[in-house]
Amino acid sequence: MALSRPEEIRPKSRGGSLPLGAFFNTLSDRPQAVGILAFALLAAFPRAPRAATGGLASRSPESLLADEVLRDVLWEELITLGPGSRPAVGAAFSGGGARGYAHVGVIEVLERHAFPVDYVAGTSMGALVGVAYADGMPASRMKELLFQAHVSEGVNLSALRLVNLLLKDSLLSTRPILAFLKKTIGEKHFHQLLRPFGCVATDLKTGEKIVFTDGPVAPAVRASLNIPGVFEPVEYRHRYLVDGGVVDFLPVDLARQLGGQWVLASVVEGDYTRATFPNVFFTMAQVVDITGSILAKRSKRDANFLVQPEVGDIKVFEMERRGEAYEEGVLAAEGRIRQAEEELLLYSMPSLLRGLAPAWGERP
């Protein structure tokens with residue numbers, strides 16, 4: 001399926017004009033319109049460069065406070081609108097193994113700030129976290145479930161499991177992961193989730209990207225999580241599927257395909273330049289990290305906004321460091337949430353201004 005980027009939303013021009021006095025009378029009847037118009041003027045006529053004005057230090061505290069109040073008013077207005085009245089927002093969560101726990105921290109911040117998300121896409125660990133988010137699970141509950149996942153459930157790739165894998169010379173079964181998913185989200189199908197959701201797997205025989213957006217959810221996420229060389233390939237509809245991160249580490253395009261016009265991407269790349277190779281698993285993790293970084297470059301350019309927790313030193317299999325990853329996710333998102341709000345507001349200005357259009361039209 002060919003993917004296309006959404007057309008820019010532009011307010012339609014109207015015939016006729018509203019007399020100046022009537023225009024201001026209209027605004028006095030709609031206080032929120034004043035804030036929207038003011039923000040539009042600020043966006044249309046940016047301030048002089050900081051080098052010429054002396055930067056923020058040259059502005060009065062009253063001016064800075066007015067900016068903050070204006071942004072808050074506009075944000076409250078925006079989050080009351082449904083996706084049909086504002087640009088639809090997508091969230092894309094990358095793969096990354098243990099680093100993927102940072103996504104939970106990012107989601108916690110999005111929830112705390114009531115950041116609107118309408119569509120969710122994920123790969124590998126991003127699919128596991130993403131499906132819980134799409135199902136409406138609070139970040140606090142998500143953290144509890146994922147952090148308490150037992151080794152036997154297949155989610156926690158501890159050193160014990162990897163040693164066991166090496167000694168047996170056979171791949172791990174994904175049946176425990178499927179059982180964990182069913183216990184977490186039940187036997188739901190994609191259309192039963194609170195938010196539209198999609199995840200990615202890889203056909204091991206053809207190298208094709210397999211996108212899941214319908215049917216039962218648990219088997220799809222199981223396939224997306226299926227790290228090659230660790231778990232047995234998942235046989236599904238005559239295909240043998242492995243981790244989606246092999247072909248699409250950061251599924252920004254899928255978030256758009258689902259309906260997202262403005263996409264926030266949470267990406268947890270590994271810093272493979274600092275890797276060591278004590279065993280076959282860390283060597284395999286190095287290959288995964290290099291592939292993920294290469295694939296993520298284009299996807300990051302296609303996203304409207306990036307949150308990049310500093311988890312590069314956490315290796316794919318270091319599940320004992322998932323707490324660190326979570327904390328880094330919170331820190332990264334808190335440090336960027338204000339800018340994310342402002343950029344979404346600017347992108348949404350045509351929609352917000354369109355809300356004023358009925359008041360500006362011809363009156364009998």
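## A tour from Arg 239 outwards

At 28% relative accessibility, Arg 239 counts as partly exposed, so select that residue to begin. Keep in mind as you go that this is a predicted model.

**Stop 1: the partners of Arg 239.** Add Asp 203 to your selection. Arg 239 and Asp 203 form a salt bridge, with 2.5 Å between the closest N and O atoms. Colour the two strands to see what is being joined: Arg 239 belongs to strand S6 (residues 239-243) and Asp 203 to strand S3 (residues 197-203), so that distant parts of the chain, 36 residues apart, are linked. Is Asp 203 buried or exposed? Its relative accessibility is 4%, and since buried means under 20%, Asp 203 counts as buried.

Now show Glu 208, which also makes a salt bridge with Arg 239, the closest N and O atoms here being 3.1 Å apart. Glu 208 sits in the loop between S3 and strand S4 (209-212), so its pairing with Arg 239 in strand S6 ties together parts that are 31 residues apart in sequence. With a relative accessible area of 38%, Glu 208 is partly exposed.

**Stop 2: a salt-bridge network.** In total, the structure holds 17 salt bridges. For another group of them, select Asp 313, Glu 318, Arg 321 and Glu 324, which are linked in a network. Within this group, zoom in on Asp 313 and Arg 321, whose closest N and O atoms are 2.8 Å apart in a salt bridge. Asp 313 is partly exposed, at 32% relative accessible area, whereas Arg 321 counts as buried at 17% relative accessibility.

**Stop 3: the loop around Glu 269.** Move to the loop between strand S7 (262-266) and helix H12 (280-302), where you will find Glu 269. Show the side chain of Lys 300 as well: a polar contact of 2.7 Å joins it to the side chain of Glu 269. Leaving aside neighbours within four places in sequence, the residues in contact with Glu 269 also include Arg 99, Phe 249, Ser 293 and Gln 308.

**Stop 4: the two sides of helix H9.** Select residues 175-185, which make up helix H9, and show Ile 177, Leu 178, Phe 180, Leu 181 and Ile 185, which are buried. Why do these five fall on the same side of H9? They cover an arc of only 160° around the axis. Turn the helix to its other side, where Arg 175 and Lys 183 are exposed. To see some of what covers the buried residues of H9, display helix H6 (125-134), helix H7 (139-147) and helix H10 (217-224). Just after H9 comes Gly 186, with a positive phi near 80°.

**Stop 5: the nonpolar cores.** In soluble globular proteins, nonpolar side chains tend to be buried together. Here the largest nonpolar core has 76 residues, and those with the most contacts inside it are Phe 115, Met 142, Phe 197, Phe 212 and Val 221. Which helix gives the most to this core? Select residues 322-354 to see helix H13, which contributes eleven residues.

Next, centre the view on Met 142. Not counting residues up to four places away in sequence, Met 142 touches Val 104, Ile 107, Val 129, Ala 132, Tyr 133 and Met 137. For the last selection, pick Leu 250, Val 263, Ala 296 and Ala 303, which are among the 17 residues of a second, separate core. You have already been close to one of these: Ala 296 is in contact with Glu 269.

Note on methods. Residues are numbered from 1 along each chain as its sequence is written. This is a predicted model: local features need pLDDT of at least 70, side-chain atom pairs count only at pLDDT 80 or more; totals for chains, interfaces and linings use all residues. Side-chain values use heavy atoms; hydrogens and water are left out. Helices (H or I, at least four residues) and strands (E, at least two) are DSSP runs, numbered from the N terminus. A polar contact is a pair of N or O atoms within 3.5 Å; within protein, one must be able to donate a hydrogen and the other to accept it, and residues adjacent in sequence count only if both atoms are side-chain atoms. Contact means heavy atoms within 4.5 Å. Buried means under 20% relative accessible area, exposed over 50%, partly exposed in between (1.4 Å probe, protein chains only). The arc is that of the directions from the helix axis to the C-beta atoms. A nonpolar core is a set of buried Ala, Val, Leu, Ile, Met, Phe, Trp, Tyr and Cys residues joined through side-chain atoms within 4.5 Å. A salt bridge is a side-chain nitrogen of Lys or Arg within 4 Å of a carboxyl oxygen of Asp or Glu.
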